[in-house]
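The exercises below are meant to be worked with the sequence and the coordinates side by side. Each task is followed by a solution in steps.

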2 protein chains.
Amino acid sequence: MSAYHPLTEQEAIAIAGSIEGFFPSGAALNCREIGDGNLNLVFHITDAASGKSLIMKQALPYAKVVGESWPLSLDRARIESESLILQNKLAPGLVPAVYKYDPELALTIMEDLSDHLIMRQGLINGIRYPKFAEDISTFMANTLFFTSDLGLNQQEKKLRVKEFINPDLCKITEDLIFDDPYTVSANNNIEPAIEDAAAALREDKALHLEVALLREKFLTNAQALLHGDLHTGSVFATPESTKVIDPEFAYYGPIGFDIGAVIANLLLNYAGQGHWIKDENELADFRGYLVETVRDTWTKFDQKFRALWNEHGVDRIANTTPGYQDLYMSRLLQDAIGYAGCKIVRRVVGLAHVADIATIPDSAARERAQRLALEIGTSLIHLNRRATSIEQAIDVILTAEAKH
Amino acid sequence: MSAYHPLTEQEAIAIAGSIEGFFPSGAALNCREIGDGNLNLVFHITDAASGKSLIMKQALPYAKVVGESWPLSLDRARIESESLILQNKLAPGLVPAVYKYDPELALTIMEDLSDHLIMRQGLINGIRYPKFAEDISTFMANTLFFTSDLGLNQQEKKLRVKEFINPDLCKITEDLIFDDPYTVSANNNIEPAIEDAAAALREDKALHLEVALLREKFLTNAQALLHGDLHTGSVFATPESTKVIDPEFAYYGPIGFDIGAVIANLLLNYAGQGHWIKDENELADFRGYLVETVRDTWTKFDQKFRALWNEHGVDRIANTTPGYQDLYMSRLLQDAIGYAGCKIVRRVVGLAHVADIATIPDSAARERAQRLALEIGTSLIHLNRRATSIEQAIDVILTAEAKH
């Protein structure tokens, strides 16, 4: 069974049964394919008797989005499993454990997290995650610091850059996030009600310059090994636990891109909550919680990244040059704000929308949410290079909310 | 003869004779090893009868500098030959032609340029190179543009980044250029007469911050495939011809690093000429020529790079975003000025000096040259992020010269 082919459920059961010491021998395994079928097969294998279970994720050699299909390298399965293994070492317990990786089958066998909920859905349901800012800031600080030139020998880091060259998946980001939303493209998905706002995006030349600069950094700035797709749909969570999944977009890029993804997706939920929570006080309260989470995510990341730097920095120059650390962190904040803006905008007018807003059934409420998200996103992009504090980003959010 | 070992002259002759169609059959080949023996063997193979000749360069598995020796990957021979072949395609005639590359022997067989003189020696001798600014700006514009995201498909570029990961040689630059000169290091080579100036380098905290930022870009900014060591000792020249050699430091880095190397080495000669040319008018005249060459190198590079961009740009965003090209070019200028400064400083207090200054026999004259070079170098570093025009760099040079 070594040559690549998409597995059947029966084959998946056979492979799962052959993992030594996981399931009791002779266990009657049950298998259900639970993937969305666009990029990967995902098999959920369970043994009712022992209560044990695992997940098998197999990459498909194509991507299917809105009916179209384009080829996609199976190498992303290697990138995903290698990233997960590395992340688990750097940020223990914050990603699923990998039990086995089969390169021929592009198959990763890993911990089952079905006692967790995808955080995006949890937020839509109004669930709060009091540990999230703490956990995600630890995840980012640890994985980003220890793969950067600050925390990893510079020559080893270059070999890592080589290992995680990821052209196919980067191409998706380059097109869908940094290009399509600002031009007329068949990939865009714009509701007629906000066509005027989408047209304004295409006309805002100052915005285009900021996006071009952020895109240039995405293309050239090999700062650290990113997760690369760190939205709330890539997080399995409970109020007590956070697990980051799906790092198939991992590559060496600008640190702010991961931080920005987290912030953006909290704010997309912020915009969408205008519909999901009907009571005004409750809405204000939940939005307050989301804003606080944005602030905490940055603040805790900033503290933890600096602490790692001060304790584990391997780079004499970076460690001893007065002013360098402050300048470095302020540039990360600027990048995070800029990328957060880009990631919000693309989720409103680009190809792939988010359930926080897209599933709002009332079209007027959906339009309000989209306009609020766009206002926040574009304002953050305009702010990015001028930002000196996370409070400026929060002002942008509150100002936009007050107008809508 | 396929397993790696350093070749003897007899083996070199046998290999040269076996290249089909180059030397007449049965030619009585002569061989002379002309390398400095520190990093490579260089065999000059000639046939007196036909007048034909070639160069065979073989990488040694170690670097020998001031008596010490450390291991160095033979992979640099692959990087050098692949770079030369690519550069010859992008900037035809401006590098030696490669006849053959043998990966097992880490051996590149290439065009003999012994009718040219190493440009550093030519400048010391007071020779002018009226075609140099034109040629080197073409070399840089073509090789840098067409390997960047501006002139090469972004996904192909990522594969190139991978191909040219070059940890060993980058390490040399990271240490000798960006680290040692600003601290107490056994690698430094400081003449007692300028110990006060070297101490000032170690105390200048604002300078350290600028150097740390330039070093960070060297570590992370994969803008284009650099030559990586583009000083006047890497240029074979006649007044009519320019040939760039020795790209074993090639890797994906910041474009300004190559431009800065050219400018730095013109200015090291500028500082040294205070000794070599005795007549004051002649000195002023030659220095004027060098300054003009600095100005022309940048100005012509700027023009040619923009022209390539406007005609051959493959990137929609970069091509159509108002203000982006101007901002991009102004950042290249800033980087070039900063790197020029770093490269001047290291040639005065770091491990490897340049003949333009180091071979000045009179110690007082040598000290004057070193102090002038340091003043220019540090001033350029301080200027870099504030620079908006090459004229500011030239003011720095003229101001420093007037003081010394």
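**Exercise 1.** In this predicted model, characterise the salt bridge between A:E248 and A:R76.

*Solution.* Begin with the distance: the closest N and O atoms of A:E248 and A:R76 are 3.3 Å apart, which satisfies the criterion because a salt bridge requires such a pair within 4 Å. Next, place the two residues in the chain: A:E248 lies in the loop between β11 (241–244) and β12 (252–253) of chain A, whereas A:R76 belongs to helix α2 of chain A, so that the pair links distant parts of the chain, 172 residues apart. Then consider accessibility, where both A:E248 and A:R76 turn out to be buried. Finally, look at the surroundings of the pair: a network of salt bridges links A:E248 and A:R76 with A:K57, A:E80 and A:D246.

**Exercise 2.** How many residues apart are A:R78 and A:D75 in helix α2 of chain A, and is each of them buried or partly exposed?

*Solution.* The side chains form a salt bridge in which the closest N and O atoms of A:R78 and A:D75 are 2.7 Å apart. Because A:R78 and A:D75 are 3 residues apart in helix α2 (residues 75–90) of chain A, about one helical turn separates them. The general rule is that an α-helix has 3.6 residues a turn, so residues three or four places apart point the same way. As for accessibility, A:R78 counts as buried at 18%, while A:D75, at 28%, counts as partly exposed.

**Exercise 3.** Which residues of helix α1 (residues 9–17) of chain A are buried, and what covers them?

*Solution.* The buried residues are A:A12, A:I13, A:I15 and A:A16. They lie on the same side of α1(A), because the arc they cover around the axis is only 165 degrees. Their cover includes the strands β1 (30–33), β2 (40–47), β3 (52–59) and β7 (107–111) of chain A.

**Exercise 4.** Describe the interface of chain B and chain A, beginning with its contacts.

*Solution.* Counting contacts first, 39 residues of chain B touch 39 residues of chain A. The area buried between the two chains is about 3400 Å², with carbon and sulfur atoms giving 59% of this area. Turning to charged pairs, the rule finds 8 salt bridges across the interface of chain B and chain A, including the one between B:E216 and A:R331, whose closest N and O atoms are 2.9 Å apart. On the side of chain B that touches chain A, α8(B) gives the most, with 9 residues, and the residues of that side divide into 16 nonpolar, 9 polar and 14 charged.

Note on methods. Residues are numbered from 1 along each chain as its sequence is written. Chains are lettered from A and ligands numbered from 1 in the order in which they are written. This is a predicted model: local features need pLDDT of at least 70, side-chain atom pairs count only at pLDDT 80 or more; totals for chains, interfaces and linings use all residues. Side-chain values use heavy atoms; hydrogens and water are left out. Contact means heavy atoms within 4.5 Å. Buried area is the accessible area (1.4 Å probe) that two parts lose on being put together, summed over both. Helices (H or I, at least four residues) and strands (E, at least two) are DSSP runs, numbered from the N terminus. Ala, Val, Leu, Ile, Met, Phe, Trp, Tyr, Cys and Pro count as nonpolar, Asp, Glu, Lys and Arg as charged, and the others, Gly among them, as polar. Buried means under 20% relative accessible area, exposed over 50%, partly exposed in between (1.4 Å probe, protein chains only). The arc is that of the directions from the helix axis to the C-beta atoms.
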